[in-house]
Amino acid sequence: MKYAIDTLKKIIRAAKNGTLKRLIAEVRWIYAYVRLYWKNMIVYTLVGMGSTLVALGSSFISKDLVDIITGHKTGEVVRY
């Protein structure tokens, strides 16, 4: 409860000295900028996630291949 009261006091103090207005203005600017490029941001995020998945998949396949080769189970290499 004390934390909530302290946080509320900080917000009131920020509203009185103008910090809150500047913060709101900056958030509006960021929103306006993001609104122009939101499609690009989604595409780049999806591409990044896809590359992460490919990297993880290839590392698991490489691990299995190394295990097969060092275990001399060359018949299972064809499966990969």
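Here is a short walk through this structure, from its overall layout to a group of aromatic rings.

Let's start with the whole chain. What you have in front of you is a predicted model. Its secondary structure is simple to list: two helices and zero strands. The protein has 80 residues, and 4% of them count as buried. The accessible surface comes to about 7,500 Å², and carbon and sulfur atoms account for 70% of that area.

Now turn to helix α2, which covers residues 19-70. How many aromatic pairs does the structure hold? There are two. One of them joins Trp29 and Tyr33, whose rings are stacked, with 5.6 Å from centre to centre and 15° between the planes. An angle under 30 degrees counts as stacked, which is why this pair gets that label. Both residues sit in helix α2, and because they are four residues apart there, about one helical turn separates them. As for the solvent side of things, Trp29 is exposed, at a relative accessible area of 57%, while Tyr33 is partly exposed, at 46%.

Tyr33 also takes part in a ring pair with Tyr37. Here the centres lie 5.2 Å apart and the planes meet at 50°, so this pair is tilted. The spacing along the chain will look familiar: Tyr33 and Tyr37 are four residues apart in helix α2, so they too are separated by about one helical turn. Is Tyr37 buried, partly exposed or exposed? With a relative accessible area of 38%, Tyr37 is partly exposed, because buried would require a value under 20% and exposed a value over 50%.

Put the two pairs together and you can follow the rings from one residue to the next. Trp29, Tyr33 and Tyr37 are linked by ring pairs into a cluster. If you have the model open, try displaying these three side chains on helix α2 and tracing the cluster yourself.

Finally, look at the surface around these rings. Which residues make the nonpolar surface patch? Trp29, Tyr33 and Tyr37 are among them, and Ile30, Leu36 and Met41 complete the set. Together these residues make a patch of about 710 Å². The three aromatic residues therefore appear twice in this tour: as a cluster linked by ring pairs, and as members of the nonpolar patch on the surface.

Methods
Residues are numbered from 1 along each chain as its sequence is written. Side-chain values use heavy atoms; hydrogens and water are left out. Rings of Phe, Tyr and Trp (its six-membered ring) pair if their centres lie within 6.5 Å; planes under 30 degrees apart count as stacked, over 60 as edge-to-face and the rest as tilted. Buried means under 20% relative accessible area, exposed over 50%, partly exposed in between (1.4 Å probe, protein chains only). Accessible areas come from the Shrake-Rupley method with a 1.4 Å probe; for residues, only the protein chains shown count as cover. Patches are made of residues with over 30% relative accessible area and no salt bridge: like charges are joined within 9 Å, nonpolar side chains (Val, Leu, Ile, Met, Phe, Trp, Tyr) within 5 Å. A salt bridge is a side-chain nitrogen of Lys or Arg within 4 Å of a carboxyl oxygen of Asp or Glu.
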